[in-house]
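Student: I'd like to go through this model with you before I use it for anything. Could we start with the term we will need for the side chains?

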Amino acid sequence: MSVPRRLACVVRSKEQQATKGGAVQVVTADLGLCQGYGNCVINAPGVFELDETGIVTVLEAEIDDGEVERVQMAVAACPVSALSLSPA
């Protein structure tokens, strides 16, 4: 079975969801870089988790307003830069 090297989710505020406009961001997890430190899970537990092998899994395809800051903190807290946040 082939394992994808990257996972991504869209970071869109509720206002952006309602209007389908605005500056949408995408958080990407590089599975080849992930070392299972779990800082992402600590900062945004509803968005990230570690799978049975200790690699990050993105749980939510779209992130609510209340989670955006936590996702940004999770990206910044990754010691191996396996997570990135970029415009869609």
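Tutor: Let us fix the term first: a residue is called buried when its relative accessible area is under 20%, exposed when it is over 50%, and partly exposed in between. Please also keep in mind that what you see is a predicted model.

Student: Okay, then is N43 buried or exposed?

Tutor: N43 has a relative accessible area of 18%, and because the limit for buried is under 20%, N43 counts as buried. N43 sits in helix α2, and, leaving out residues up to four places away in sequence, N43 touches R70, M73, A74 and A77.

Student: And V41, which helix is that in?

Tutor: V41 is also placed in helix α2, but at 25% relative accessibility V41 counts as partly exposed. Beyond the residues up to four places away in sequence, V41 touches F48, E49 and L50. The C-alpha atoms of V41 and A74 are 7.5 Å apart in space, although 33 residues separate the two in sequence.

Student: How far can I trust that part, i.e. where is confidence lowest and where is it highest?

Tutor: Confidence in the chain is highest in helix α2 (residues 39-43), at 96, and lowest in helix α1 (residues 14-19), where the mean is 56. Over the chain the average pLDDT is 80, and 72% of the residues score at least 70. As a general caution, where pLDDT is low, the predicted coordinates should not be read in detail.

Student: Stepping back, how many helices and strands are there?

Tutor: The chain has 3 helices and 6 strands, and, read from the N terminus, the elements follow the order β-α-β-α-β-β-β-α-β. Of the 88 residues in the chain, 35% count as buried. The accessible surface comes to about 5200 Å², with 52% of that belonging to carbon and sulfur atoms.

Student: What share of the contacts is long-range, say 24 or more positions apart?

Tutor: Among the contacts in the chain with a separation of 6 or more, 57% are between residues 24 or more positions apart.

Student: Which strand does β2 pair with?

Tutor: Strand β2 (residues 25-30) pairs with strand β6 (residues 83-87) in the antiparallel sense, over 5 bridges. In one of these positions, Q25 has P87 in β6 as its bridge partner. Strand β2 is also mostly covered, with 5 of its 6 residues buried.

Student: Now the core: which residues touch the most other members?

Tutor: In the largest nonpolar core, which has 18 residues, F48, V56 and L83 touch the most other members. The elements that contribute two or more residues to this core are β2, β4 (56-58) and α3 (65-77), and the largest share, 4 residues, comes from α3.

Student: What is L83 in contact with, then?

Tutor: Setting aside neighbours within four places in sequence, L83 is in contact with T28, A29, C40, F48, A74, V75 and C78.

Student: What about V47, buried or exposed?

Tutor: V47 is buried, at 1% relative accessibility, and its place is in the loop between α2 and β3. If residues up to four places away are not counted, V47 touches T57, V58, L59, E60, I63, E67 and V71. V47 and V58 are 11 residues apart in sequence, and their C-alpha atoms are 5.9 Å apart in space.

Student: Switching to the other loops, where is T53?

Tutor: T53 lies in the loop between β3 (48-50) and β4, and T53 is exposed, with a relative accessible area of 58%. The T53 side chain makes a polar contact, at 2.7 Å, with the side chain of D51. T53 is 17 residues from G36 in sequence, and their C-alpha atoms are 8.4 Å apart in space.

Student: One last check on backbone angles: what is the phi of S81?

Tutor: S81 has a positive phi of about 55°, although S81 is not a glycine. S81 is placed in the loop between α3 and β6, and at 53% relative accessibility S81 counts as exposed, because the limit for exposed is over 50%.

Terms used
Residues numbered from 1 in each chain as written. Heavy atoms only, no water. Buried < 20%, exposed > 50% of the residue type's maximum accessible area, 1.4 Å probe, protein only. Pairing = 2+ DSSP bridges. Core = buried A, V, L, I, M, F, W, Y, C linked by side-chain atoms within 4.5 Å. Contact = heavy atoms within 4.5 Å. pLDDT = per-residue confidence, 0-100. Polar contact = N/O pair within 3.5 Å; in protein donor to acceptor, adjacent residues only side chain to side chain. Areas by Shrake-Rupley, 256 points an atom, 1.4 Å probe, with all protein chains shown as cover.
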